[in-house]
Amino acid sequence: NPDTKLGDITFEPVVSEDVPSVNVDTDKKKLIEKTLDDKQKDIVNKGGSADIVLSIKNATDNNAADKKLIEASFKANEKIGKCLDVSLLLTVKDKAGNVVNNNKKVSDSQEMITINVPSDLISNNREYKIIRVHNGVVKTVDSVWDADNKTITFKTNEFSTYAIVYRDVAGSEVKPSDPETKPSTQETNPESKPSEDVTKPS
C-alpha cells in the first residue's frame, strides 16, 4: 500500500455554533489509513491533497425520524437531551487542483469524542448515555460520564445521529462510571495522537 505523506493531508473538526464544546482525539496516521483508499493515497503522493473534516452539527430539531427511533428504544424516564449529526467528509484534489471527490462521506473510522454536556441538562441524581442511529438501527454506545468535568466521552465507529440521553434516578441508584465500559484506546499510541480541542466560536 502507498505510504501517504502526512503533510499533504489536513484533518479538521468543524462544530456548528449551536453544539456544545467538543474535544476530538485522533491518531492522524490511522485516520488516513482508514479514510483514503490506495488510489487516493497515490494521488496525494503525486502532489495532490486531501482534506478530512469531522463535522458535528445540531440535529435535535431537524431529524424527526431518528428521534422517533431513539425514543422507541427508551427505558423508563429517559429523555433526549441533545441530538448530534456526526459525519466524516473527505475531499481529494490532484496536483492540478482538480477535485477527484468532494465531501464524500466516510463510513468507517474511529474517533474519540468528548462532549461538554450543556448546563441545562446537568442535574444531581441524573444518568447519561449515548444512543446512535445508523441506517435505521438503534444502539447504545459505550460511553463514560465524567461528573467532575460534566463531560461524556464515546468512540465513533459509524457516522450518523448520536443522542445524549438522560434519566433522573433516586440518589441511591446513581452509580459511578464503570471503567470496563470506557471506550478502548489500546491500539493507539498516546504519544502519536494529537488532540484537537474545538470550542464554539465566541
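**Exercise 1. Ile52 and its surroundings**

With which residues is Ile52 in contact, leaving aside its neighbours within four places in sequence?

*Solution.* The structure is a predicted model, in which local features need pLDDT of at least 70, side-chain atom pairs count only at pLDDT 80 or more, and totals for chains, interfaces and linings use all residues. Residues are numbered from 1 along each chain as its sequence is written, and side-chain values use heavy atoms, with hydrogens and water left out.

Step 1. Apply the criterion: contact means heavy atoms within 4.5 Å.

Step 2. List the partners. Ile52 is in contact with Ile9, Thr10, Phe11, Glu12, Leu31, Ile32, Thr35, Leu36, Leu88, Leu89 and Leu90, its neighbours within four places being left aside.

Step 3. Place the residue. Ile52 is found in strand β3. Helices (H or I, at least four residues) and strands (E, at least two) are DSSP runs, numbered from the N terminus.

Step 4. Classify its exposure. Ile52 counts as buried because its relative accessibility is 1%; buried means under 20% relative accessible area, exposed over 50%, and partly exposed in between (1.4 Å probe, protein chains only).

Step 5. Compare sequence and space. Ile52 and Lys105 are 53 residues apart along the chain, and their C-alpha atoms are separated by 9.8 Å.

**Exercise 2. The nonpolar cores**

Determine which residues touch the most other members of the largest nonpolar core.

*Solution.* Step 1. Define the object: a nonpolar core is a set of buried Ala, Val, Leu, Ile, Met, Phe, Trp, Tyr and Cys residues joined through side-chain atoms within 4.5 Å.

Step 2. Identify the residues. The largest core has 35 residues, and Ile52, Leu54 and Ile56 touch the most other members. Strand β4 supplies the largest share of this core, five residues.

Step 3. Separate the other core. Apart from the largest one lies another core of eight residues, including Ala59, Cys83, Ile131 and Ala163.

Step 4. Examine Leu54. Residues up to four places away in sequence not being counted, Leu54 touches Phe11, Glu12, Pro13, Val14, Val24, Val86, Ser87, Leu88, Ile113 and Phe159.

**Exercise 3. Two helices**

Show on which side of each helix the buried residues of α1 and α2 lie.

*Solution.* Step 1. Recall the geometry: an α-helix has 3.6 residues a turn, so residues three or four places apart point the same way.

Step 2. Consider α1 (28-35). Its buried residues are Leu31, Ile32 and Thr35. They lie on the same side of α1 because they cover an arc of only 100° around the axis; the arc is that of the directions from the helix axis to the C-beta atoms. Among the elements that cover them are β1, α2, β3, β4, β5 and β6 (111-116).

Step 3. Consider α2 (residues 38-45), in which Gln40, Lys41, Ile43 and Val44 are buried. Their arc around the axis is only 155°, which puts them on the same side of α2. Their cover includes β1 (9-15), α1, β3 (49-58), β4 (78-93) and β5 (99-106).

Step 4. Inspect the helix starts. At the start of α1, a side-chain oxygen of Asp27 reaches to within 3.1 Å of the backbone nitrogen of Lys29. At the start of α2, a side-chain oxygen of Asp37 comes within 3.2 Å of the backbone nitrogen of Lys39. A polar contact is a pair of N or O atoms within 3.5 Å; within protein, one must be able to donate a hydrogen and the other to accept it, and residues adjacent in sequence count only if both atoms are side-chain atoms.

**Exercise 4. Residues with positive phi**

Locate Asn77 and Asn135 and state their phi values.

*Solution.* Step 1. Asn77 lies in the loop between α3 (64-72) and β4. Its phi is positive, about 70°, although Asn77 is not a glycine. Asn77 counts as exposed because its relative accessibility is 57%.

Step 2. Asn135 lies in the loop between β7 and β8 (137-141). Its phi is near 55°, a positive value in a residue other than glycine. With a relative accessible area of 71%, Asn135 is exposed.

Step 3. A glycine may be set beside them: just after α2, Gly47 takes a positive phi of about 110°.
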